[in-house]
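Colleague: Got a minute to go through this one with me? I'd like to start with the ligand.

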Amino acid sequence: MTEPGGLVSAYVHDAELDAEATVRPKRLSEFIAQDRVRDQLDLLLQGAMRRGSPPDHILLSGPPGLGKTSLANIVAAELGAGIRVTSGPAIERSGDLAAILTSLAEGDVLFIDEIHRIAKPAEELLYSAMEDFRVDVVVGKGPGATAIPLDVEPFTLVGATTRSGLLTGPMRDRFGFVAHLDFYAPGELELLLQRSARILGVRITEEGAREVAGRSRGTPRIANRLLRRVRDFAEVRADGIVTLEIARAALKVYDVDALGLDRLDRAVLTALVEAFRGGPVGLSTLAVAVGEQPDTVEEVCEPFLVRAGLLARTPRGRVATEAAWRHLGHTPPTGTFGANPISAPDLFTAGEDERP
Ligand code: ADP
């Protein structure tokens, strides 16, 4: 799937990899928020270092842009270990994975991003590497094929996934430490923005940081991206300081509204409220109304609209919530969701994985 690349997309754009690396936290103490995960990881790593053996394998799950890659690098840094980075889709053949595994040095961290997308034969090879630090490499084909057992140095696997539900049971069972990252609260993103601003040399007021944080969809990656855009505006059109007014003016230019919705998000809500009187309306009809592919509406816009409580997916179709009517400056029809009443049991807020 091509990854959506808008200003408030949680996916990383190729062009911003360097900019991300600049502000990426390097140690656990620099990693903002997610206190529970940080605390647990701290114990795991300290315990392992005391014993002088690698820690359990670590699985990090959660939506894109919340810090999984950062944590993988932090694990290696805290252990004083080397890190090898790859991803599920990059490992097409089990031979690719065997080559990586057998070249690891003792204590190395192997980071596999999007681990749920790893090919089945490679996944099976990974099991024995994780469990026994051993892999069987099959040489030759057909009846003459032989399996050559190879040793793997003790290592720590850090797996990251945005779709933990798609991981197989045996895969999940082999991780001794599983952590889920949640969306960040606005106050946490404010701290994160202040840290990034210090690193980038951007002057930002408390109110300015709060404004950008509130529009960042609970996602550090988006917060950092908006900070870079707001800084451009402040430097070109003002005196370089990101104040509340400058943040608002900049985000208006970039079409990111007070809730962090972009043009397409608002188009979807506007169509739903104005053209379909709040719904319910089917996904494909809604997509045609905004001139987009159904997949784009479903995968790019809806997850956040659902999470923000602006749109509900119901068995009868998409429905605008009262908050959506209000956000667009309309008065919601009384006592119902949309103009066509929907009974309460019909309503459920689908998670990102559900596609009614
Ligand atoms: P993921 O791997 O989950 O998509 P990343 O680890 O690449 O997310 O994080 C995206 C960006 O957000 C990184 O450049 C990093 O600077 C920033 N970031 C994420 N989480 C934090 C955090 N807790 N503290 C500071 N910066 C963070």
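**Ligand contacts and core**

Modeller: Sure, and note it's a predicted model: local features need pLDDT of at least 70, side-chain atom pairs count only at pLDDT 80 or more, while totals for chains, interfaces and linings use all residues. Residues are numbered from 1 along each chain as its sequence is written, and side-chain values use heavy atoms, with hydrogens and water left out.

Colleague: Which polar backbone atom is 2.8 Å from a nitrogen atom of the ligand?

Modeller: I'm using polar contacts, meaning pairs of N or O atoms within 3.5 Å. On the oxygen side, a ligand oxygen sits 3.3 Å from a polar backbone atom of E20, and another such pair, at 3.5 Å, involves a backbone N or O atom of V23. The ligand nitrogen pairs at 2.8 Å with a polar backbone atom of I32.

Colleague: How much of the ligand's area does the protein bury?

Modeller: Areas here are Shrake-Rupley with a 1.4 Å probe. Taken alone, the ligand exposes 560 Å², and the buried part of that is 97%.

Colleague: Which domains give at least three residues each to the shell around the ligand?

Modeller: The shell has 18 residues, near meaning a heavy atom within 4 Å. By class, 9 are nonpolar, 5 polar and 4 charged. Bounds come from an automatic or database assignment, and the contributors are domain 1 (4–180) and domain 2 (186–253).

Colleague: Which element gives the largest share of the largest nonpolar core?

Modeller: That core is a set of buried (under 20% relative accessible area) nonpolar residues joined through side-chain atoms within 4.5 Å. It has 50 residues, with L41 and L226 among those touching the most other members. The largest share, 7 residues, comes from α9.

Key
A polar contact is a pair of N or O atoms within 3.5 Å; within protein, one must be able to donate a hydrogen and the other to accept it, and residues adjacent in sequence count only if both atoms are side-chain atoms. Ala, Val, Leu, Ile, Met, Phe, Trp, Tyr, Cys and Pro count as nonpolar, Asp, Glu, Lys and Arg as charged, and the others, Gly among them, as polar. Buried means under 20% relative accessible area, exposed over 50%, partly exposed in between (1.4 Å probe, protein chains only). Helices (H or I, at least four residues) and strands (E, at least two) are DSSP runs, numbered from the N terminus.
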